[in-house]
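Here's a quick tour of how the pieces of this fold sit against each other. Have the viewer open as you read.

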Amino acid sequence: MTTEETLAQWNQQYDAVVQRLKAGVGVGLANPADLAGLSGMQQMQAMLEGRLPYPHIADTLDFSLVEIGEGRAIFQGQPQLKHYNPLGTVHGGWYATLLDSALGCAVHTVMPVGRAYTTAELGVNIVRAASFKSGPLRAIGTVVHAGRQLATAEARIVGPDGKLYAHATTTCLVFEVPSK
């Protein structure tokens with residue numbers, strides 16, 4: 001597939017997902033009662049279908065979850081001028097948040113009912129500058145290990161041409177969700 005074909009496919013998928021999210025429950029926080037009895041994958045599917053709210057950070061930083069699978073999550077975002085630091089480049093926090101989202105949601109997809117996680121460690125490496133002219137970029141997160149107490153994952157931010165912009169790893173603490 002050419003870069004132009006990949007870009008067109010990405011934009012079509014992104015637009016469809018964002019339209020579905022906004023037409024559904026919209027932005028907000030999920031009610032714990034709505035999450036009870038659902039695995040992490042089921043929670044993620046419900047969000048992508050618009051049955052659960054999507055997070056405020058997606059609007060703030062102009063990105064969205066676009067695809068999930070077992071142990072995998074893909075986010076798409078496009079840096080804007082409002083994401084620049086005082087030096088005139090995309091703030092490292094934009095890359096880190098996009099990567100952290102892909103990493104965490106990849107881990108989320110493998111959580112059984114009654115289990116959750118939190119990020120314990122995040123390591124980010126920015127290897128290419130992105131700008132508001134870069135167009136859409138994708139963060140692809142993949143679980144490396146998911147155990148009873150720890151989970152690890154890795155993610156990469158790439159352009160439609162396959163160029164690498166940043167990569168990251170995470171270690172997550174896995175725990176039992178406290179009952180009421």
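## Helices on the sheet

In this predicted model, helix 1 lies across strands 1, 2, 4 and 5. Its direction makes an angle of about 100° with strand 1. Helix 5 lies across strand 1, strand 2, strand 3, strand 4, strand 5 and strand 6, and runs at about 140° to strand 3.

Gly93 belongs to helix 5. Is Gly93 buried or exposed? Neither label fits: with a relative accessible area of 26%, Gly93 counts as partly exposed, because buried would need a value under 20% and exposed one over 50%. If you want a distance to check, the C-alpha atoms of Gly93 and Val174 are 24 Å apart, with these positions 81 residues apart along the chain.

## The sheet itself

The sheet is an open one, built from six strands in the order 1-2-4-5-6-3 with antiparallel pairing. Strand 1 and strand 3 sit at the edges with a single partner strand each, so one side of each has no neighbour in the sheet. Going from one strand to the next, the twist averages 20°.

For a look at one pairing, take strand 2 (residues 72-77) and strand 4 (residues 137-146): they are joined in the antiparallel sense over six bridges. One of the residues to pick out here is Ala73, whose bridge partner in strand 4 is Gly141.

## Helix 3 and what covers it

Helix 3 spans residues 40-48 and is mostly covered, with seven of its nine residues buried. Which ones are they? The buried set is Gly40, Met41, Gln43, Met44, Ala46, Met47 and Leu48. The cover over these residues includes helix 1 and helix 2 (32-35), along with strand 1 (63-69) and helix 5 (92-108).

After helix 3 comes Gly50, which has a positive phi, near 85°.

## Thr109, tucked into a loop

Thr109 is in the loop that runs between helix 5 and strand 3 (115-126). Its relative accessible area is 2%, so Thr109 is buried, the cut-off for that being under 20%.

What does Thr109 touch, leaving aside residues up to four places away in sequence? From helix 3, its contacts include Gly40, Met41 and Met44. Thr109 also touches Ile68, Gly69, Glu70, Gly71 and Arg72. With Gly69 there is a polar contact too: the side chain of Thr109 reaches the backbone oxygen of Gly69 at 3.3 Å.

How values were computed:
Residues numbered from 1 in each chain as written. Predicted model: local features only at pLDDT ≥ 70, side-chain atom pairs only at ≥ 80, totals over all residues. Heavy atoms only, no water. Buried < 20%, exposed > 50% of the residue type's maximum accessible area, 1.4 Å probe, protein only. Helix = DSSP H or I, 4+ residues; strand = E, 2+ residues; numbered from the N terminus. Contact = heavy atoms within 4.5 Å. Polar contact = N/O pair within 3.5 Å; in protein donor to acceptor, adjacent residues only side chain to side chain. Pairing = 2+ DSSP bridges. Axes fitted to C-alpha atoms, helices over the stretch in contact; angles between N-to-C directions.
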